[in-house]
Amino acid sequence: MNTKILWIDDEMDSLKSQIMFLTNKGYDVESQSNGYDGLEYLKANHVDVILLDESMPGMTGLETLAQIREMKSNVPVVMVTKNEAENIMEDAIGGQITDYLIKPVNPNQILLTLKKIIDKKSLVSEKTTQAYQQEFRKLFLALNSNPDYTEWCDLYKKIVYWELEMQKSDSPEMREVLASQKDEANNEFCKFVDKNYPKWIKKDNKTAPVMSHTIMEKHVFPFLEKGKSTFFILIDNLRYDQWKVIEPIFTESFRLLEEDIACAILPTTTQYSRNSIFAGMLPFDIEKKFPIEWKNDDEEGGKNLYEEQFFVDLLRRKGLTHLKHSYTKITNHASGDQLVNNIQNMLHNDINIIVYNFVDMLSHARTEMEVLKELANDNVAYRSLTKSWFEHSPLQQALKKVADKNIKLVIATDHGSVQVKSPSKVIGDKQTTTNIRYKHGRNLQYENKEVLAFREPGEIGLPKPNFNSTFIFAKHDGYLCYPNNYNHFANYFKNTFQHGGVSLEEMLVPVIKMESK
């Protein structure tokens, strides 16, 4: 079916050559000489694009535009006019025109505009597919060149870039190729972690990447500036790809200074990685220093109740007790509203910590609620939900209130999450933990090839809850189920978003530095 164009202009006789040109290009053009007739035609007919003159007798183009928007809000409208007055352009843009052309226009100008509007999606899709095909071999070579940690971060960034770009493509085949390449990358990354993680944990290792327990030391404390308030915003369970979809919202008010990738410690869960961020220590050391406050998986009590206490102790150890600080944890909308009301009072502090739990709650709720399984059935939808949340969140409202106050931001997270697809059987005793991405306990039985196993928790900076405790971590998109009622739980958790194990998505997490514009 030809594209249908409605052209509303009181000088149609002078536009016959343009109409003939478009007709020869395969467009179906209907002309009307005034706004009234144009609106009447629109009521009874479908059109794909409207070309609209501004300077017409009777009803002006802007008046016609307003009624078009009431009648057919989604039809693209291109204003075609002799009037170059700035206020006319602003009014037209405010009226949500799609494009603006100044008369006299030649046929090729109009053709280009129509192609941008009508053929943009297919043209972008084709170009995206071609570009990824050219990039595929580079990614393949990088993946097979024994990358170090920095190169892994670059690889992951590129994969995320192409995931986001591929949303513009209508080629399911190329999306499958990319997904396969990401799977391969995750499998190789798990081998990389298995080989290097114990070395990173050693205290005298000067070449280790920035990890959960060194984020404050490496990224936050050096960023503080006298006379400026810094906000450290930890969005729980925020993956790098989720950061990239909310980044444009942040950059409306703040200038991006640095984007880094840190490595979340194992297990990639709030209990371990977030406590380590605020304590500036590995869980093994936190338990030694705070034996009452630290709770192992099998112990009763909240696992993240003492973050501020850990942070105060970190300030003391670093000789930074002179810093004025605040600590705010947001776990529901009411506490979010309190943040909006109180954020300006935080400006007199040197550092303000805001922990926001929404994304983590979203991933857990998605496991339990069928409606969220429908809304976030894949990574694309999961990112979209994250963006929608942030756009309308109290956090966004609060930051807007202080965006012009010459502040600094550090945006970080404790870990990411991965969509699990491959169940694996694990046998353990009653003391074995319930998390499906990692487990620890005595006498664990598992498939060696499906997990990373550490028989000595201390070698990876973890407490030893029981004698002979072994930690195992699911790799890539695996998840760990007991033989009892295995099929039920394998189906129940399949395609849910989980964390605690080893994957690019869980371990390579964003650390972002920004300042007011």
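In this predicted model, Leu452 stands opposite Phe473, a residue of strand β15. The strand β15 (residues 470-474) runs antiparallel to β14, and four bridges join the two. Both belong to an open sheet of three strands, whose order is β13-β15-β14 and whose pairing is antiparallel. The edge positions are taken by β13 (438-441) and β14 (451-454), each of which pairs on one side only. Direction ignored, neighbouring strands of this sheet are turned against each other by 15° on average. In a regular strand, side chains alternate between the two faces of the sheet.

A parallel pairing is found between strand β1 (residues 4-8) and strand β2 (residues 28-32), which are linked over five bridges. Within this pair, Leu6 stands opposite Glu30 of β2. Between the two strands the chain passes through α1, and the resulting β-α-β crossover, from β1 to β2, is right-handed.

The helix of that crossover also packs against another helix: the axes of α1 (residues 16-24) and α5 (residues 107-118) come within 10 Å and cross at roughly 45°. Because angles that are neither under 35 degrees, nor over 145, nor from 65 to 115 count as oblique, α1 is oblique to α5. The crossing of these two helices is right-handed. On the α1 side the contact involves Gln18, Phe21 and Leu22, which meet Pro107, Asn108, Ile110, Leu111 and Leu114 of α5. The residues of this contact comprise six nonpolar, two polar and no charged.

A second helix pair is formed by α7 (residues 149-166) and α8 (residues 172-201), which pack at an angle of about 160° with their axes 11 Å apart. The two helices are therefore roughly antiparallel to each other, and their crossing is left-handed. From α7 the contact draws on Tyr149, Trp152, Ile159, Trp162, Glu163 and Met166, while α8 contributes Met174, Arg175, Leu178, Lys182, Ala185, Glu188, Phe189, Phe192 and Trp200. The residues of the contact of α7 with α8 divide into 11 nonpolar, no polar and four charged.

The two helix pairs are set side by side below.

| Helix pair | Axes | Angle | Handedness of crossing | Contact residues |
|---|---|---|---|---|
| α1 and α5 | within 10 Å | roughly 45° | right-handed | six nonpolar, two polar, no charged |
| α7 and α8 | 11 Å apart | about 160° | left-handed | 11 nonpolar, no polar, four charged |

Definitions and conventions. Residues are numbered from 1 along each chain as its sequence is written. This is a predicted model: local features need pLDDT of at least 70, side-chain atom pairs count only at pLDDT 80 or more; totals for chains, interfaces and linings use all residues. Side-chain values use heavy atoms; hydrogens and water are left out. Axes are lines fitted to C-alpha atoms, for helices over the stretch in contact, and angles run from 0 to 180 degrees between N-to-C directions. A crossing is left-handed if the near helix is turned anticlockwise from the far one by less than a right angle, and right-handed if clockwise. Contact means heavy atoms within 4.5 Å. Ala, Val, Leu, Ile, Met, Phe, Trp, Tyr, Cys and Pro count as nonpolar, Asp, Glu, Lys and Arg as charged, and the others, Gly among them, as polar. Two strands pair if DSSP finds at least two bridges between them. A crossover is right-handed if, with the strands pointing away from the viewer, the path from the first strand over the helix to the second runs clockwise.
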